[in-house]
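Could you walk me through this structure in the viewer, one selection at a time? I would like to know what to pick next and what is there.

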Amino acid sequence: MPHTTDNTPNTLSAMAVDVLTTADAREKCARARAHAARWFAARRAGTPLAIGHAAPPDFPARPARPELLAPRDMPRRRPGTAAGRRGRIQAIAHIELNAVDLHLDIIARFSHIPMPAGFHDDWMRAADEEAKHFNLLADLLEEMGSHYGALPAHAGMWRAAEETHDDLMARLAVVPMVLEARGLDVTPAMIELFRKSGPAQAVPALETIYAEEVGHVAYGAKWFHFLCGRHEADPKETFHALVRRHFHGALKPPFNEEKRAEAGLPPDFYWPLVGPVAETPARRTREGQVEPEARVGPGAE
Ligand SMILES: [Fe+2]
Ligand SMILES: [Fe+2]
């Protein structure tokens, strides 16, 4: 559906919902980028757009393809094969598309909570960057003779959003500070894998993603601490309580302590959340890994 100026949303929340209700992946990303550009242009001009209120959908609109499967039903891919590499790039693209929706959902869903404009700047910038990440990987898939949607993808990526739909601090704790931080842990090894196996174009794409994901974790830590200050809550204790309540998995070392520190996540936030945790077998894949929908960032596989 073409995006005409006639129905351009006029508040930030309406722009977020416009993206969330757009199914086509490229169009979703194009709208996220266009709305971010408009938000920042208005901020620079000293005429910021109103935040407004618009109800986000329970589940964001997504394209008919990829087919969404439970993790246990995903086809096994042999590592080291061309098909395996295409599968891995599509899995990361799928996570990036989910991340576009997550960052815009936080804006619309919690628009009733007054926040400084910097909060909206940060999540619009993050959504813009996730849209860029999706495009980089979708382009790469096409260069590899495939496309986003050619292979099945994991269902249930929205679970973290559902779990934290009524608690902004829990959303910040689980999505950027746990799931996106996990991406920082696993991305360096992924970059090395593609450096060895190719395609060579995957390396700069993943390096861009890696550099920008540090910022997303930092936005999470910044606004989590801001809200702890507002509510006179102890940040570390509050983080542990919210993650234990809303995130159903263990945090898994090794951690990228350097990048986590750069993002404002000290070790005493995440080390105490390393197992043992009460986790049902259903939440584990056959490989014994936490279900990929419990992650955001390029570390799904
Ligand atoms: Fe990303
Ligand atoms: Fe991100």
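Start by selecting Leu-141, which has 20 C-beta neighbours inside 10 Å and therefore counts as buried. Bear in mind as you go that this is a predicted model. Leu-141 sits in helix α4, which covers residues 117-143. Now add Ile-89 to the selection: the two are 52 residues apart in sequence, yet their C-alpha atoms are 7.0 Å apart in space. To see the wider surroundings, show the contacts of Leu-141 beyond four places in sequence: Arg-86, Ile-89, Gln-90 and Ala-93, together with Ser-146, His-147 and Tyr-148.

Next, go to Ala-205, in helix α7 (residues 202-230). Is Ala-205 buried or exposed? Its count of C-beta neighbours inside 10 Å is 22, so Ala-205 is buried. With neighbours up to four places away left aside, Ala-205 is in contact with Leu-136, Leu-137 and Leu-140. You can also draw a distance from Ala-205 to Lys-132: it should read 9.8 Å from C-alpha to C-alpha, for a pair 73 residues apart in sequence.

Stay with α7 and bring up helix α8, residues 235-246. The axes of α7 and α8 are 10 Å apart, and the packing angle is about 110°. That angle makes the two helices, α7 and α8, roughly perpendicular. The crossing of α7 past α8 is right-handed. Which residues meet here? On the α7 side, pick Phe-224, His-225 and Cys-228; on the α8 side, pick Pro-235, Thr-238 and Phe-239. Coloured by class, this contact shows four nonpolar and two polar residues, with no charged ones.

Phe-224 and Phe-239 also lead to the next stop, since both are touched by Met-177. Leaving out residues up to four places away in sequence, the other residues that Met-177 touches are Leu-172, Val-217, Gly-220, Ala-221 and Leu-265. Met-177 belongs to the largest nonpolar core, which has 79 residues. Within that core, Met-177 is one of the four residues that touch the most other members, along with Val-100, Leu-137 and Ala-173.

Val-100 is a good way into the next helix pair, so keep it highlighted and show α1 (residues 12-20) with α3 (residues 82-109). Their axes lie 9 Å apart, at an angle of about 145°, and α1 passes α3 in a left-handed crossing. From α1, the contact draws on Leu-12, Ser-13, Ala-16, Val-17, Val-19 and Leu-20. From α3 come Val-100, Asp-101, Leu-104, Asp-105, Ile-107 and Ala-108. By class, that gives nine nonpolar residues, one polar and two charged.

Keep α1 on screen and swap α3 for α2, residues 25-44. Here the axes come within 9 Å and cross at roughly 165°, so α1 and α2 are roughly antiparallel. This crossing is left-handed. Select Leu-12, Met-15, Asp-18 and Val-19 in α1, then Lys-28, Arg-31, Ala-32, His-35 and Trp-39 in α2, to see where they meet. The class count for this contact is five nonpolar, one polar and three charged residues.

Finally, zoom out to the whole chain. The protein has 10 helices and two strands, in the order α-α-β-α-α-β-α-α-α-α-α-α from the N terminus. Of its 301 residues, 46% count as buried. Among contacts with a separation of 6 or more, 82% join residues 24 or more positions apart.

Key
Residues are numbered from 1 along each chain as its sequence is written. Chains are lettered from A and ligands numbered from 1 in the order in which they are written. This is a predicted model: local features need pLDDT of at least 70, side-chain atom pairs count only at pLDDT 80 or more; totals for chains, interfaces and linings use all residues. Axes are lines fitted to C-alpha atoms, for helices over the stretch in contact, and angles run from 0 to 180 degrees between N-to-C directions. Helices (H or I, at least four residues) and strands (E, at least two) are DSSP runs, numbered from the N terminus. A crossing is left-handed if the near helix is turned anticlockwise from the far one by less than a right angle, and right-handed if clockwise. Two residues are in contact if their C-beta atoms, placed from the backbone, lie within 7 Å. Ala, Val, Leu, Ile, Met, Phe, Trp, Tyr, Cys and Pro count as nonpolar, Asp, Glu, Lys and Arg as charged, and the others, Gly among them, as polar. A residue is buried if 20 or more other C-beta atoms lie within 10 Å of its own, exposed if 12 or fewer, and partly exposed in between; C-beta atoms are placed from the backbone. Angles under 35 degrees count as roughly parallel, over 145 as roughly antiparallel, 65 to 115 as roughly perpendicular and the rest as oblique. A nonpolar core is a set of buried Ala, Val, Leu, Ile, Met, Phe, Trp, Tyr and Cys residues joined through C-beta atoms within 7 Å.
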